[in-house]
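Work through the exercises below with the sequence and the model side by side. Try each task before reading its solution.

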Amino acid sequence: MPRIKKKRILVPKPRSRFVVVVCPNCGYKQIVFDHATFPVTCSSCGTRLVKTTGGKAKILGAIERVLG
Ligand SMILES: [Zn+2]
């Protein structure tokens, strides 16, 4: 009996996502990339919203919503 090789297609789970972060200082809502490799600051008041810690981003504000 011939063996039929099943091709396995690996679908990588998306680890990164976009989140709506509320600025703790002024309440401005901003969409930031959860795995940002660069610091993100509030475009309204300039407070840092995302801190980068050795590759992984740390979100400093409150996450209001996760997009996708
Ligand atoms: Zn702000």
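pLDDT is the predictor's confidence in each residue, from 0 to 100. The protein averages 87 on this scale, and 93% of the residues score at least 70. This is a predicted model: local features need pLDDT of at least 70, side-chain atom pairs count only at pLDDT 80 or more, and totals for chains, interfaces and linings use all residues. Residues are numbered from 1 along each chain as its sequence is written.

**Exercise 1. Elements and confidence**

Task: List the secondary structure, and find where confidence is lowest and where it is highest.

Solution. Start with the definition: helices (H or I, at least four residues) and strands (E, at least two) are DSSP runs, numbered from the N terminus. The count is zero helices and six strands. The order from the N terminus is therefore simply β-β-β-β-β-β. Now turn to confidence. Strand 5 (residues 56-59) has the lowest mean, 86. Strand 1 has the highest, 95.

**Exercise 2. The sheet with strand 1**

Task: Work out the strand order of the open sheet that contains strand 1, and find its edges.

Solution. Two strands pair if DSSP finds at least two bridges between them. The order is 2-1-6, with antiparallel pairing. Strand 2 (29-33) and strand 6 are the edges; each has a single partner strand, so one side of each lacks a neighbour in the sheet. The twist averages 30 degrees from one strand to the next (axes are lines fitted to C-alpha atoms, for helices over the stretch in contact; angles run from 0 to 180 degrees between N-to-C directions).

Next, take the pair 1 and 6. Strand 1 (residues 18-22) meets strand 6 over five antiparallel bridges. V20 has R65 as its bridge partner. V21 stands opposite I63.

Finally, check burial in strand 6. A residue is buried if 20 or more other C-beta atoms lie within 10 Å of its own, exposed if 12 or fewer, and partly exposed in between; C-beta atoms are placed from the backbone. Of the six residues of strand 6 (62-67), zero are buried, so this strand lies largely in the open.

**Exercise 3. The other sheet**

Task: Which strands stand at the edges of the sheet 3-4-5?

Solution. This open sheet has three strands, paired antiparallel. Strand 3 (40-41) and strand 5 stand at the edges, so each has one side without a neighbour in the sheet. Strand 3 joins strand 4 (residues 48-53) through two bridges. One bridge partner of V40 is V50, in strand 4.

**Exercise 4. The core**

Task: Which residues form the largest nonpolar core, and what does C23 touch?

Solution. A nonpolar core is a set of buried Ala, Val, Leu, Ile, Met, Phe, Trp, Tyr and Cys residues joined through C-beta atoms within 7 Å. The largest has seven residues: V21, C23, V40, C42, L49, V50 and A57. For contacts, the C-beta atoms, placed from the backbone, must lie within 7 Å. Leaving out residues up to four places away in sequence, C23 touches Y28, Q30, C42, S44, C45, T47, L49 and G61. Across the protein, buried residues make up 12% of the 68 residues.

**Exercise 5. Overall dimensions and K7**

Task: Is K7 buried or exposed?

Solution. K7 sits in the segment before strand 1. K7 has 5 C-beta neighbours inside 10 Å, so K7 counts as exposed. Its C-alpha atom is 41 Å from that of V21, 14 residues along the chain. For the whole protein, the C-alpha atoms fill a box of roughly 70 × 25 × 15 Å along the principal axes.

Notes:
Two residues are in contact if their C-beta atoms, placed from the backbone, lie within 7 Å.
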